[in-house]
Amino acid sequence: MSDPATPDSQRQIIINLYNSGIEPDIIALQLDIDREQVDRTIAEFAAEEERKHDSANATSGAPSFSSFELGQVVDTEQAVRLAQERVWRALRFEPQFNLSTEETNNILEKFVKSKVGFVILHVDIVGSTKLSMTVPADRLATIVQAFTQEMSILISAYGGYVLKYVGDAILAFFLADWNNLRVPCANAVSCAQAMIKVMRQGVNPILNQYDYPELNVRVGIDVGDNVVVQYGWDTMTLEDGRQVRHPHFDILGYTISVTAKMTGIAKPDQIVVGQFVYEALCDEARKAFAPVQVSPEKWDYVSDYTGKIYKLYGSK
């Protein structure tokens, strides 16, 4: 809890000066405030940073599915069968979807105002425009909802978290440890491969039964540091009239835009990964990918680490 006697703007100035190495007594002199006020603000800041550090360590150190490679653990055949049942039920009866971002918010809250390594996965539908021209609006909504549900289930199964839904696209992330990128990168790639399989063998056969066009997906995956930010609050009014506020979190960083651009380069039912993701994979996993040749007009991103064009690799 910040000192109510210190306005937020002034508190930030104190913190910035302190982080720049300015002594507290000099800060007090420059801002014409009491030294005690400066000390309280610095102490609150230090306590808040320690809490975030402890939360981050607790999250990264706790045993979880995201700590293991799950490519050989998730039963994709079962995933296909369950997807068929859910999509069939959604098209034949009243659709029931249960998508929640509560778990995502719980994770992001631990890292708010911090820079964190994330493997970003972006997946979207290739044939949604054609579909929108051939099916009624309510059916289109049901099909897109079914797609987002099946992809979200797979993201969770492989240790990832859905960040947001953007039209017919999904943005997700996997917590990344720069000392061991192989696990989150392998899980993200396995998740993408499962997505393509579930669409081909689970969703499309049901769409065919109802004479709907088949859907293809394309996936982009990259890894990088991102900043977790909080954008205000979502307010919900309960039946008894009480209001409940939930913080709204998002991720800022070049990785988001770069991954979305990779997705646009991918062919239908193809995965495109960035150079860092490819290099983090084991030799066997790399065999599924080949270098992607892209014109400078479509891809001119230069890596800060190598100073050269950031290489892309596409699934074969």
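Which residue just after α8 takes a positive phi? Asp211 does, at about 60 degrees. Keep in mind that this is a predicted model.

Let me back up to the helix itself. α8 covers residues 182-209, 28 residues in all. From its first C-alpha to its last, α8 reaches 40 Å. That is close to the 40 Å expected at 1.5 Å a residue. Still, α8 is bent. The angle is about 35 degrees, and the bend sits at Met199.

How many of the 28 residues of α8 are buried? The count is 20, so α8 is largely enclosed by the rest of the structure.

Now the annotation. UniProt lists residues 119-263 as "domain: Guanylate cyclase", and the entry is unreviewed. In the model, helix makes up 44% of that span and strand 35%. The end C-alpha atoms of residues 119-263 lie 14 Å apart.

Last topic: cavities. The structure holds 1 cavity of 30 Å³ or more. The volume of the largest cavity is about 60 Å³. What lines the largest cavity? Four tyrosines take part: Tyr254, Tyr301, Tyr305 and Tyr310. Val223 and Phe276 are also in the lining. So are Asp222, Asp304 and Ser303. By class, that lining has 6 nonpolar residues, 1 polar and 2 charged.

To recap: α8 bends at Met199, Asp211 follows just after α8 with its positive phi, and the largest cavity has Asp222 and Tyr310 among its lining residues.

Conventions. Residues are numbered from 1 along each chain as its sequence is written. This is a predicted model: local features need pLDDT of at least 70, side-chain atom pairs count only at pLDDT 80 or more; totals for chains, interfaces and linings use all residues. Side-chain values use heavy atoms; hydrogens and water are left out. Helices (H or I, at least four residues) and strands (E, at least two) are DSSP runs, numbered from the N terminus. The expected span of a helix is 1.5 Å times one less than its number of residues. The bend at a residue is the angle between axes fitted to the seven residues ending there and the seven starting there. Buried means under 20% relative accessible area, exposed over 50%, partly exposed in between (1.4 Å probe, protein chains only). UniProt positions are given in the numbering used here, feature names are shortened, and annotations may be inferred rather than shown by experiment. On a 1 Å grid over the protein atoms alone, a cavity is a set of points where a 1.4 Å probe fits but cannot get out, and a pocket is an open set with protein on both sides within 12 Å along at least five of seven lines; lining residues have an atom within 4 Å of a point. Grid points are joined across faces, edges and corners, and a volume is the space filled by probe spheres set on the points. Ala, Val, Leu, Ile, Met, Phe, Trp, Tyr, Cys and Pro count as nonpolar, Asp, Glu, Lys and Arg as charged, and the others, Gly among them, as polar.
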